[in-house]
Amino acid sequence: SLAQRKRLVTSRAAENLFWLGRYTERAENSIRLAKLTLHSLGGEEQSNASLLDWLSEMAKTNTLVLPDVPTATKARRVFERSLIASLGNAAEVTSVGYYLRSLKAVASNVRERLSQEQWRLIVRAEDEFIAACATHDRKGDYSALEALQTLKNTSDHMAAITGAQTDRMTRDDGWRLLSIGRHIERLTFLAAALAHGLETDCVQTTGGFEALLSLFDATISFHAQFQQSREMPALIDLVVLDPDNPRSLAWVAHSLRGRLAKLAGSPASDLTPLALKVTDPSAWGLIQLSEAGPDGDYAVLTDMLWKIVDSAYAVSDEISTTYFTHTGNIKYSLGS
């Protein structure tokens, strides 16, 4: 059992590490989405209605703007100003500032498992971001260019934080839960992003196609492999099916299944019931997923993407009820 492993992970520490992973990925995702949105709103694609629909949908789904803000299609400048104003707001919207604050809060509960350097990076990322937003708020005019620079600086901090998580932590069950938290967030965020991109027809436009590649951090890889192609099978091959791309859905799902299997103490090749709940990427086929219906919609792919999202959330719920029970009937805990 996990309790007999070398290093005990209490149920409370396990939960904090799981959420450390989730908030790390959420912060990264929200920074990437905010940067992409601000670039697009000020760029040459600013009149691309389906791209604006997709960005508005993504910003609302990921609560980068408040629910009553008009979409970018209806009021581009109002939408842009609202997104910028929300960046450092850690109270009303779960935007970048909120996730950085949450990341620091859960990290402070497991400081003994983090190096001094990693803890300082987390504190600095939040402090500098909130301070920059507050300075611009006081001036009364926080331009998109200033917001983008602040987001870039924070993105650099996040790269150092994720590097420390990957390379400088003991790979015990606590680390596995951190990694599982990150994989769940990455899978749900990217699968939903692609599904929304298909539903808004954003992916059918040149600007939308490029924006989606950018959100998947796959622009360089895509153009290296497929040059200037804008073919859907090429996009699906790279961001859905590629087993070597750490941001493809297949890679993330496969890694998540392996981590979950090891968490329960069995070899990664022998998948556990919890690991089997994650949609199996080996069952996905390029020809089937690339089929467009008579209306040009990708119904098979869209349906699969929402199933991926649902399966990841189901795994998250089961992890919480299985491992993070602090009181009452403890079904199965990590050495607590």
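This is a short tour of the structure, from the whole chain down to a few single residues. Keep in mind that the model is predicted.

**Stop 1: the whole chain**

Start with a cartoon view of the protein chain. You should find 14 helices and zero strands, so colouring by element gives α after α from the N terminus on. Now switch to the C-alpha atoms and align the view to the principal axes: they fill a box of roughly 60 × 55 × 35 Å. The radius of gyration is 20 Å, which agrees with the value near 20 Å that a compact globule of 336 residues would have.

**Stop 2: inside and outside**

Next, colour the residues by relative accessibility. How much of the protein chain is buried? Buried residues make up 52% of the 336 residues. If you then draw contacts between residues at least 6 apart in sequence, 68% of them join residues at least 24 apart.

Turn on the surface. The protein chain exposes about 14700 Å², and carbon and sulfur atoms supply 51% of that area. For the charges, select the 35 positive and 40 negative ones; the mean positions of these two sets are 9 Å apart.

**Stop 3: two aspartates in loops**

Zoom in on the loop between α7 (173-199) and α8 (206-215), and select aspartate 201 there. What is the phi of aspartate 201? It is near 65°, a positive value in a residue other than glycine. That deserves a look because most residues other than glycine have a negative phi. On the surface, aspartate 201 counts as partly exposed, at 40% relative accessibility; the partly exposed class lies between under 20% for buried and over 50% for exposed.

Move along to the loop between α8 and α9 (219-226), where you can pick aspartate 217. Aspartate 217 is not a glycine, yet its phi is positive too, at about 55°. Its relative accessibility is 48%, so aspartate 217 counts as partly exposed.

**Stop 4: two cysteines**

Finish with the cysteines. Select cysteine 133: is it buried or exposed? With 3% relative accessibility, cysteine 133 counts as buried. Then select cysteine 202, which is also buried, with a relative accessible area of 0%. How many disulfides does the structure hold? The count is zero, so a search for sulfur pairs within 2.5 Å among the cysteines will come back empty.

Conventions: Residues are numbered from 1 along each chain as its sequence is written. This is a predicted model: local features need pLDDT of at least 70, side-chain atom pairs count only at pLDDT 80 or more; totals for chains, interfaces and linings use all residues. Side-chain values use heavy atoms; hydrogens and water are left out. Helices (H or I, at least four residues) and strands (E, at least two) are DSSP runs, numbered from the N terminus. The radius of gyration is taken over C-alpha atoms; the globule rule is 2.2 Å times the number of residues to the power 0.38. Buried means under 20% relative accessible area, exposed over 50%, partly exposed in between (1.4 Å probe, protein chains only). Contact means heavy atoms within 4.5 Å. Accessible areas come from the Shrake-Rupley method with a 1.4 Å probe; for residues, only the protein chains shown count as cover. Lys and Arg count as positive and Asp and Glu as negative; His and the chain ends are not counted. The place of a charge is taken as NZ of Lys, CZ of Arg, CG of Asp or CD of Glu.
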